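User: I've never looked at this structure before. Could you walk me through how to read its features, one at a time?

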Amino acid sequence: MNMKKLTLMLLLALSTLILSACTGQIAVNNWPGLAADSDRAYLSAGSHIYAVDLKTGKEVWRYPAEADSKHIYFARPVLTSDGQLLIGSEGTNHAFVSIDPETGKDNWVEPFSDAQAAWVASPLVLNDRIYAPNSDGYIYILDMQGEPAGDPLEIGGALWSAPATDGTLLYITSLDHHLHVIDPAESTLSDPIELGGAAPSSPVVAKDGAYVGSFASKIEFVSSTGEHEVITEASNWIWGTPALDDETLYYADLNGSIYSFDLASSKQNWGDVKPNGPIVASLLIDGDQIYVATEAGTLVALDRDAKTVWEKEVGGKIYTTPVASADLILVAPYQQDEFLLAAYDAEGKQAWTFTPAK
């Protein structure tokens, strides 16, 4: 797909979700969310969330048991240390639910339903509080039982990504071109930090601040006190979250270019590295390899010198960030007619694929 077509498609996706936030209508045409623990993958793919056994690729449970227009899930599920799987719905009731990852049953008596729009972002759990961004522009603060634990924080602009935290402060981006630094202990927000473009993904936290990419085609460092500076650029929009590994920042853009930026020298480590299509998903670093998923439906494993270790044609279009678990790389393609989820080992051998039973 050429750049103009991809840009149009992503703008349509943006407008669809923004319209759903404003009207309450269901946005069903979206790519899936993916998370995993040591035993199972959790895939949010529209009418259901699926738990998939990592050894066999078989379905363990689905939530809800029957499809319902009130329940439409595409956000990345979040697993908590106290045995919850948290996710919000893009369905008609704007429900935010807690599921038992062992059984697929509801943990809470009632879901949290105070939000006014679709749940696109994943929540963050910090100090026994759930910080749940909604596309209505608010972060809702809940206790671990799903009850409100403070007034919602008004951020402004549609919120599509989870907050990032250094353990004390929260950093959150919005589609209105801003990043906010939040002190949850005081419930205070910094002045909006202008990024020059929409920021649909989370920042990555570093010492004394965070790195963030945006549709301004730049990576900025935002300090904990709100100062910010551009540290490097890209050839096109940056959709995914940068990956920080020691003193190296890895990121990609919608032109299909992949970058390795040395923070100590402020120089790019690589020349022109461009697999075979635009890149929306964040890069995944696991061990000595960097995994890249492209809009062309390809999963590429690179070494730290940008040499291709292996490359697999998954099919469909991959916008969901791959996940590493149990010595497997999990990939959830969009518009792949044969399966919803595939697993590969570190050598690129396909272990299994998952297709839900009717």
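Analyst: Happy to, and let's begin with an idea we'll need again and again. A residue counts as buried under 20% relative accessible area, as exposed over 50%, and as partly exposed in between. Keep in mind that this is a predicted model.

User: Let me try that on a residue. Is Asp128 buried or exposed?

Analyst: Asp128 has 54% relative accessibility, and the cut-off for exposed is over 50%, so Asp128 counts as exposed. You'll find Asp128 in the loop between β8 (124–126) and β9 (129–133). Its backbone deserves a look too: phi of Asp128 is near 60 degrees, a positive value in a residue other than glycine.

User: Which other residue has a positive phi although it is not a glycine?

Analyst: Asp246 does, with a phi of about 55 degrees. Asp246 sits in the loop between β21 (243–245) and β22 (248–252). With 69% relative accessibility, Asp246 counts as exposed.

User: Let's zoom out. How many helices and strands does the protein chain have?

Analyst: The protein chain has one helix and 32 strands. To judge how spread out a chain is, you can set its radius of gyration against what a rule for globules gives for its length. Here the radius of gyration is 19 Å, close to the 21 Å from the globule rule for 358 residues, so the chain is as compact as a globular protein of that length. Its C-alpha atoms fill a box of roughly 55 × 50 × 35 Å along the principal axes.

User: What share of the 358 residues is buried?

Analyst: Buried residues make up 56% of them. For the outside, look at the area: the protein chain exposes about 14900 Å², and carbon and sulfur atoms supply 46% of that.

User: And how are the charges arranged?

Analyst: One way to read this is to take the mean position of each kind of charge. The chain has 20 positive and 48 negative charges, and their mean positions are 10 Å apart.

User: What about contacts between parts of the chain that are far apart in sequence?

Analyst: You look at how many positions separate the two partners. Among contacts in the protein chain with a separation of 6 or more, 40% are between residues 24 or more positions apart.

User: Can we see that kind of link with actual residues?

Analyst: Aromatic rings give a good case. Two rings pair if their centres lie within 6.5 Å. By this rule the count comes to 20 aromatic pairs. One of them is formed by Trp31 and Tyr334: the pair is edge-to-face, with 6.5 Å centre to centre and 75 degrees between the planes. This pair links distant parts of the chain, as Trp31 and Tyr334 are 303 residues apart. Trp31 is in the loop between α1 (3–23) and β1 (33–36), and Tyr334 is in the loop between β30 (328–331) and β31 (341–344).

User: Are Trp31 and Tyr334 buried or exposed?

Analyst: Trp31 counts as buried because its relative accessibility is 14%, under the 20% cut-off. Tyr334 counts as buried too, at 10%. Ring pairs also join Trp31, Trp160, Phe215, Trp237, Trp239, Tyr319 and Tyr334 into a cluster.

User: Which residues is Ser214 in contact with, leaving aside its neighbours within four places in sequence?

Analyst: Ser214 is in contact with Leu195, Gly197, Ala198, Ala199, Trp237 and Ile238. Trp237 is also one of the residues in the ring cluster. Ser214 lies in the loop between β18 (209–213) and β19 (218–223), and at 2% relative accessibility Ser214 counts as buried.

User: How about a residue that is partly exposed?

Analyst: Try Lys70, in the loop between β4 and β5. Lys70 is partly exposed, with a relative accessible area of 44%. Leaving aside neighbours within four places in sequence, Lys70 is in contact with Ser89, Gly91, Thr92 and Asn93.

User: Where is the cis peptide bond?

Analyst: To spot one, check omega. The cis bond joins Tyr63 and Pro64, with omega about -10 degrees. Pro64 is found in the loop between β4 (59–63) and β5 (78–79).

Terms used:
Residues numbered from 1 in each chain as written. Predicted model: local features only at pLDDT ≥ 70, side-chain atom pairs only at ≥ 80, totals over all residues. Heavy atoms only, no water. Phe/Tyr/Trp six-rings, centres within 6.5 Å; stacked < 30°, edge-to-face > 60°. Helix = DSSP H or I, 4+ residues; strand = E, 2+ residues; numbered from the N terminus. Buried < 20%, exposed > 50% of the residue type's maximum accessible area, 1.4 Å probe, protein only. Rg over C-alpha atoms; globule rule 2.2 N^0.38 Å. Contact = heavy atoms within 4.5 Å. Areas by Shrake-Rupley, 256 points an atom, 1.4 Å probe, with all protein chains shown as cover. Lys, Arg positive; Asp, Glu negative; His and termini not counted. Charge placed at Lys NZ, Arg CZ, Asp CG, Glu CD.
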